[in-house]
Every structure is written in C-alpha cells, then in structure tokens.
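The following exercises concern the strand arrangement of a protein model. Please examine the sequence and structure before reading the worked solutions.

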Amino acid sequence: MTFDAQRSRMVERQLKGRGITDPRVLAAFRKVPRHQFVPEELAPEAYADRPLPIEGGQTISQPYMVALMTSRLRLQGHERVLEVGTGSGYQTAILAELALEVFSVERLPELLAAANTRLEGLGCLNVHLTPGNGSLGWPEHAPYDAIIVAAASPDIPPPLLAQLAEGGRMILPVGGPSAQTLVEAEKRQGAVRRVEIAGCIFVPLVGQHGWRL
C-alpha cells in the first residue's frame, strides 16, 4: 500500500472513525506526509495507530492524539499559535495548514534542526522555530490566540497562561510523569476555564515550570 493510501486510511479509520469531524483538520492530515517526520527505518509504520520513537529519546504522538489536540483549538485560519515542543515537526506542519502563523519552541537542538529541514522541504513558510525552555513560552511574540503543548507538566505553566490572548485556548497534558489528563484551558475576562478531555501519556515537559532533569 502506498503512503498516500495509508494516510487516507489513517484519516478514515483513526480520525473520522473516532469522532474527528472538522473538515479543515481532516484535510491537513490528508495532506501532511507523516512518514517524512519519523526515522527512515520507521517510515513503514508512520501511519500506525500508536506513537513512535524519534531522536533525542522523544516521540511522535499517535495520529489520533495529534488530531484531538488540534481540533480542540478550533482554528479558523487567522490565528497565531504557540507550540511548545517542536519534536519531529509533524504537529507544526499540521498547524501550519490551519493557522496564520506558528511559533514553535524546542529544547533539543538536534530535533529543532531536523524539524526545520523537514518543514522547509515542505514549504511551510508561516512557521518560526526557536531553541529554548518551552515552559517559558516565547514571550517576544505573545499574545497567542492558541497554545498547544506536546509534553506533560505538573500544572499549566503560568508563563504560558500569561501569553495566551483573551478568548484564546490552550491544550496540554497535565499530571504526573507517568500518566496525565489532556486539558483545555480557555481564558475569558482574566479567568481560566478548564475542561478535562481524556487520559493520556506524554514525555515530560522539562524546564522551570515543568519537570527538572
């Protein structure tokens, strides 16, 4: 089966089959070649229903989890989005299809360099990458209409809340090192409304407002 066919099947079975209905999100997942964001030897498994290891002891999340987090942002195309944890760059590429601009922070230089090469190769011109401590966000470009965090922290990092625009949404895993809850946080009139979405397991967010190395 070709990669295009595998990608189409992934969208139909793993995403639509589990309730992902946003047509813009589904179109982005049909377009972005996930097999280009995993180590070459794992390309045949790129569209499997599970996370996969990447460089630096990190992972590329299960396709459904990426789609669930993305869909909860409810992006319309005019937003400026902060991504904490560039990783392979796959989530970044999906966001680039859905938002006006994407600002992504990654603490591991080797991951950042590889993601930059992949994203440039795909022509993602609305993406800005920087090395740094993701728990501190990227204050120079705040506020953000949406924030997505691809690593787990004990609670919502205060700097990220401060960088979230009024009416903006943040999606992130919150909890202990071994298991977390996916949380949607929405800022309204200075207050934060939290909604728990589902159980999940992510690598830890390392930094001042995450977990210590």
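**Exercises on the sheet**

In this predicted model, Leu82 stands opposite Phe103 in E4.

**Exercise 1.** Determine how strand E3 is joined to its partners E4 and E6.

*Solution.* Begin with E4: E3 and E4 run parallel and are joined by 5 bridges. Turn next to E6 (residues 144–149), with which E3 (residues 80–84) pairs in the parallel sense over 4 bridges. Leu82 has Ile147 as its bridge partner in E6, while Phe103 is opposite Leu82 in E4.

**Exercise 2.** Trace the chain from E3 to E5 and state the handedness of each crossover.

*Solution.* First, E3, helix H4 (residues 90–98) and E4 form a β-α-β unit that is right-handed. From E4 the chain then passes through helix H5 (residues 109–121) to E5, again as a right-handed β-α-β crossover. E4 and E5 are parallel, with 5 bridges between them; Glu106 has Pro131 as its bridge partner in E5.

**Exercise 3.** Explain why strand E4 is largely enclosed by the rest of the structure.

*Solution.* Strand E4 spans residues 101–106. Of its 6 residues, 5 are buried, and therefore the strand is largely enclosed.

**Exercise 4.** Place these strands in the whole sheet, and locate helix H3 relative to it.

*Solution.* The open sheet has 7 strands in the order E5-E4-E3-E6-E7-E8-E9, with mixed pairing. Its edges are E5 (127–131) and E9 (191–200), each pairing on one side only. From one strand to the next, the twist averages 15°. Helix H3 (residues 63–72) lies across E6, E7, E8 and E9, and runs at about 160° to E9.

Notes
Residues are numbered from 1 along each chain as its sequence is written. This is a predicted model: local features need pLDDT of at least 70, side-chain atom pairs count only at pLDDT 80 or more; totals for chains, interfaces and linings use all residues. Side-chain values use heavy atoms; hydrogens and water are left out. Two strands pair if DSSP finds at least two bridges between them. Helices (H or I, at least four residues) and strands (E, at least two) are DSSP runs, numbered from the N terminus. Axes are lines fitted to C-alpha atoms, for helices over the stretch in contact, and angles run from 0 to 180 degrees between N-to-C directions. Contact means heavy atoms within 4.5 Å. Buried means under 20% relative accessible area, exposed over 50%, partly exposed in between (1.4 Å probe, protein chains only). A crossover is right-handed if, with the strands pointing away from the viewer, the path from the first strand over the helix to the second runs clockwise.
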